[in-house]
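Me: I have a structure here and would like a close look at one part of it. Could you pick a single helix, tell me how it sits in its surroundings, and then work outwards from there?

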Amino acid sequence: MALNRDVVGNAALLIEVPAYWEEAKLELMKRDRIMKKLIPQFGDLHLVGHPDPFTTLARSIVGQQVTNKVADAAWARLLAACPKITPAQVIKAGAEQLGGCGLSKRKTEYILDLADHFKAKRVHANLWAEMADEAVIAELVQIRGITRWTAEMFLIFNLLRPNVLPLDDPGLIHGISHNYFSGEPVSRSDAREVSANWEPWRTVATWYLWRSLDPAAVE
């Protein structure tokens, strides 16, 4: 699965440095010898999110199970077809036009279902900011095509939750393997053990591990 972890959609909508970011960096560098070496390598770079829930989720669906290059191309074509990426605009475009953007039949169905959920107000996007992480995940995974991984990416990139550990994300597992285990295979249990030292800033540690794999742009 792939998701552009820096920019989702219109750059004009990007939001600022998460309020907890500097505190988290300092705490992680105090506690974790790998983070102490890793974090300073990236200066003032930080997690960049997107404030629009529908756009964030639609982008994550486009990015599922394909390379970043393929996902970016499909997303660019989708933006050309639906510049505002609103539920109403996506529904109006319909399956044929969405499929012409390079989306599979299944992803087209997923995005239309997502748009229908938002338009019919079957999700409570206005309440997500106040809901606990697991409560948001439980609601999101009821939508077709939204997996736990997708929901966790949403927590990170839309809600900017500080303590998300996406164990289904191959980039996180690869980052832990590369930085903590000299490239040896890493189990979910290993990942949990390493991440215990990061609480309550597991999102921040995860972001730096992503960045360690691709310094130019975390994909």
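Reply: Happy to. S182 is a useful point of contrast to begin with: it is exposed, with a relative accessible area of 72%. S182 is found in the loop between helix 9 and helix 10, and has a positive phi of about 50 degrees although it is not a glycine. Please keep in mind that this is a predicted model.

Now to the part I would pick, helix 3, which covers residues 53-63. Here the picture is one of cover: eleven of its eleven residues are buried. Among them are the nonpolar residues F54, L57, I61 and V62, but T55, T56, R59 and S60 are on the list of buried residues too. What lies over them? The cover includes helix 4 (68-81), helix 5 (87-99), helix 6 (105-119), helix 7 (133-140) and helix 8. Just after helix 3, the backbone at Q65 takes a positive phi of about 60 degrees.

One link from helix 3 outwards runs through V62, which is in contact with L78. Leaving aside neighbours within four places in sequence, L78 also touches I85, L98, C101 and I111. L78 belongs to the largest nonpolar core, a set of 64 residues, and is one of those that touch the most other members, along with M35, W128, L140, I176, W198 and Y208. Helix 8 (residues 148-157) supplies the largest share of this core, seven residues. In soluble globular proteins, nonpolar side chains tend to be buried together.

Past helix 8, the loop leading to helix 9 (170-180) holds L160. The phi of L160 is also positive, near 55 degrees, in a residue other than glycine. Unlike S182, which is exposed, L160 counts as buried at 15% relative accessibility. Further along, the loop between helix 10 (188-195) and helix 11 (202-213) is the place of P200, and the peptide bond from E199 to P200 is cis, with omega near 0 degrees.

Stepping back to the whole protein, the secondary structure comes to eleven helices and zero strands. The radius of gyration is 17 Å, close to the 17 Å that the globule rule gives for 219 residues, so the protein is as compact as a globular protein of that length. Buried residues make up 51% of the 219. Among contacts with a separation of 6 or more, 68% join residues 24 or more positions apart.

Note on methods: Residues numbered from 1 in each chain as written. Predicted model: local features only at pLDDT ≥ 70, side-chain atom pairs only at ≥ 80, totals over all residues. Heavy atoms only, no water. Helix = DSSP H or I, 4+ residues; strand = E, 2+ residues; numbered from the N terminus. Rg over C-alpha atoms; globule rule 2.2 N^0.38 Å. Buried < 20%, exposed > 50% of the residue type's maximum accessible area, 1.4 Å probe, protein only. Contact = heavy atoms within 4.5 Å. Core = buried A, V, L, I, M, F, W, Y, C linked by side-chain atoms within 4.5 Å.
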